[in-house]
Amino acid sequence: MKRLTIPISEEEILSLKAGDPVQISGVATTGRDTAHKYMVETLIEGQRPLSEQDQRMEEKLRSVLNGGAIYHCGPIVRKDADKWYIVSSGPTTSIREEIYQDKVIEAFGVRVVIGKGGMGMRTLSACKKFKAIYLHGIGGAGVYNAAAMVEVIDVFKKEEFGLPEAFWKIRLKDFPGIVTMDAHGRSLHAELGKRIRSTTAPGGKAFMREYKIAVIPGDGIGKEVIPAGIQVLKVLEGYEAGLQMKLKMFPWGCDYYHDHGRMMPDDGLEILKKFDAIYFGAVGHPSVPDHVSLWGLRLNIVQRFYQYANIRPTRVLPGITSPLRDRGPKDIDWVIVRENSEGEYSGVGGVAHQGFPEEVSMDVSVFTRAGVRRIMTFAFELAQKRTRRHLTLITKSNAQRHGMVMWDKIFEEVATQYPDVTTDRMLVDAATTRMVLKPDTLDVLVATNLHADILSDLAAALSGSLGIGATANLNPEKKFPSLFEPIHGSAFDIMGKGIANPIGAFWTAALMLEHLGLKKASDNLMKAIEAVTASGRNLPVDLGGQASTTQVADAVCEALRDIYEKR
């Protein structure tokens, strides 16, 4: 047990490690004392449990932020109706808020709301009034105002904020009377920022956005690759400020079916609604009919949660050789957008005269204008964000003269709203040959449930292996949790051998992080994956290596540590 007495020195703080048992004595009489006490208590988990009042205040703050995260020692801004808002709070008694706001609005077009003495109701009211975000410092250590934000912006990219160029020319000296930390204080914060796993809420209160993740390993190798994915996510969590995951495992799948007569409990969907995302492994086992296992679990979740956009990125990762001769990362870089809620997998149909010679079965493809239009819009907006800005429509409208023809018509209608996106159309059979012979001519592809399902498996194989492929089943409006899964399926022929490729599960986790708004964490995870594949030392069996599932996971974890510790 370490015993610290206030005033606590910077040297004493820097000697601590997360989790060290610490006892603090003495009374904080200055802002500097208070700041250092907060730093120690934030660094050492569990030292300062939140009071009921603190918890209520943080819940109010969450509602103001619409669930957004608060970043340690960093800026938080929000764009609303082409205006950016920054809210700051702290010891601002030396200036008048009205004057400061007017000056910022006049000079930079950026509104800054300043509260006095922590996250009080006055500041909350200001947040709601201006639809603004609260920009914080650590209690007693000074105000992170617009000028201070510029000075700590190095961890972010300026272009991501889209602020007026004049904003980046703000300096503290432009605003006399604003108290901020000196250079020594900022360097201390920077050092602690590498160690503290949580962010810091207003007034120095420990705060971290907790992401609730439902984990369903499912069947087959899902039970092997998803634990490997969790191992990687846990390492990432240890380094990434603002990221804390509360993982809840659910043993649903074919084993559950054998015990209970169903793939998931009757209230399974109600249980899953409470989560931010679903990390899914695979579904299917020879002992359960495929249509029972698929409709009882995965499709039940996808359709009931309106996860209408299925995204399957395809790239040849560094160090991986594509089956296509002389084709590499520059040639195969696609995103397949699959309509995920209707079409061939709508579930409409039936069987008549079952068991008799006259038995008839029907599966009806259902396409609605609303469903087709929303997936087209999603695909165009995705293509618009990519470098090539090209979208290819895949149908079979020469033979399917009703639903597929409607797809063609709606595609042409939506295309008029995106003049910066080039387009073309192909029949699905011709698309398979184009993927093989001219892969560099494709960018984003949009197709029906069935067609995209088939094409994306081909795409994964062309990128090196089905074990690499990742999928995001998105409810873009975020009214329901989205489901993220590798595409390889249960692969029960290799389950239990320890050789399953977990890269698809890792890539899937990166898609999940990006969907949750954790772009930097997602990018770093992809960098770690690429570092491992590029080295060639720990490749799984299906990619020509000899590494086990565990060894690949360990290698990616080590690559993540290198990325964060060698910055």
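**Figure 1. Thr471 and its surroundings in a predicted model.** Setting aside neighbours within four places in sequence, Thr471 is in contact with Asn310, Ile311, Arg312, Leu483, Phe484, Glu485, Ile487, Thr508 and Leu511. This is a predicted model, so please read each view here with that in mind. Thr471 itself sits in strand β19, which spans residues 470-474. How much of Thr471 is accessible, in relative terms? The relative accessible area of Thr471 is 0%, so the residue counts as buried. One partner from the contact list deserves a second look: the side chains of Thr471 and Arg312 are joined by a polar contact of 3.1 Å.

**Figure 2. The second largest cavity and its lining.** Arg312 turns up again in this view, as one of the residues that line the second largest cavity. The rest of the lining is made of Pro313, Thr314, Arg315, Ser456, Ala460, Ser463, Ile468, Gly469, Ala470, Ile487 and Trp507. Two elements, β12 (309-315) and α15 (449-462), each give two or more residues to this lining. Which of the elements gives the most to the lining? That is β12, with 4 residues. Sorted by class, the lining holds 6 nonpolar, 4 polar and 2 charged residues. The volume of this cavity is about 60 Å³, and the model has 3 cavities of 30 Å³ or more. Ile487 links this view with the one before, since Ile487 belongs to the lining and is also a contact of Thr471.

**Figure 3. His488 in the loop between β20 and α16.** Here the focus is His488, found in the loop that runs between β20 and α16 (503-515). Is His488 buried or exposed? With a relative accessible area of 15%, His488 is buried, because the cut-off for that class is under 20%. Beyond neighbours within four places in sequence, the contacts of His488 are Ile221, Val225, Leu466, Gly467 and Asn501.

**Figure 4. Leu442 in the loop between α14 and β18.** Leu442 lies between α14 (428-437) and β18 (444-447), in the loop that connects them. Its relative accessibility is 4%, so Leu442 counts as buried. What does Leu442 touch, leaving aside neighbours within four places in sequence? The list is Asp333, Trp334, Arg388, Thr392, Arg434 and Met435. A useful distance to check in your viewer is the one from Leu442 to Leu391: their C-alpha atoms are separated by 7.8 Å, while the two residues are 51 residues apart along the chain.

**Figure 5. Met406 on helix α13.** Helix α13 covers residues 403-415, and Met406 is part of it. At a relative accessible area of 22%, Met406 counts as partly exposed, because that class lies between the limits of 20% and 50%. Not counting residues up to four places away in sequence, Met406 touches Phe367, Thr368, Arg369 and Val372. For Val372, the C-alpha atom is separated from that of Met406 by 8.5 Å, with their positions 34 residues apart along the chain.

**Figure 6. Backbone details at Pro7, Asp326 and Lys478.** Three spots in loops are gathered here for anyone who likes to inspect torsions. Pro7 is placed in the loop between β1 (2-5) and α1 (10-14), and the peptide bond leading from Ile6 to Pro7 is cis, with omega near 5°. Asp326 belongs to the loop between β12 and β13 (333-339). What is the phi of Asp326? It is near 60°, a positive value in a residue other than glycine. Asp326 counts as exposed, because its relative accessibility is 70%. Lys478, in the loop between β19 and β20 (482-486), likewise has phi near 60°, again a positive value in a residue other than glycine. With 51% relative accessibility, Lys478 counts as exposed, because the limit for that class is over 50%.

**Figure 7. The whole protein, as a frame for the close-ups.** The secondary structure comes to 18 helices and 20 strands. The protein has 567 residues, and 52% of them count as buried. Among contacts with a separation of 6 or more, 74% are between residues 24 or more positions apart. The exposed area is about 26000 Å², of which carbon and sulfur atoms supply 52%.

Note on methods
Residues are numbered from 1 along each chain as its sequence is written. This is a predicted model: local features need pLDDT of at least 70, side-chain atom pairs count only at pLDDT 80 or more; totals for chains, interfaces and linings use all residues. Side-chain values use heavy atoms; hydrogens and water are left out. On a 1 Å grid over the protein atoms alone, a cavity is a set of points where a 1.4 Å probe fits but cannot get out, and a pocket is an open set with protein on both sides within 12 Å along at least five of seven lines; lining residues have an atom within 4 Å of a point. Grid points are joined across faces, edges and corners, and a volume is the space filled by probe spheres set on the points. Ala, Val, Leu, Ile, Met, Phe, Trp, Tyr, Cys and Pro count as nonpolar, Asp, Glu, Lys and Arg as charged, and the others, Gly among them, as polar. Buried means under 20% relative accessible area, exposed over 50%, partly exposed in between (1.4 Å probe, protein chains only). Contact means heavy atoms within 4.5 Å. Accessible areas come from the Shrake-Rupley method with a 1.4 Å probe; for residues, only the protein chains shown count as cover. A polar contact is a pair of N or O atoms within 3.5 Å; within protein, one must be able to donate a hydrogen and the other to accept it, and residues adjacent in sequence count only if both atoms are side-chain atoms.
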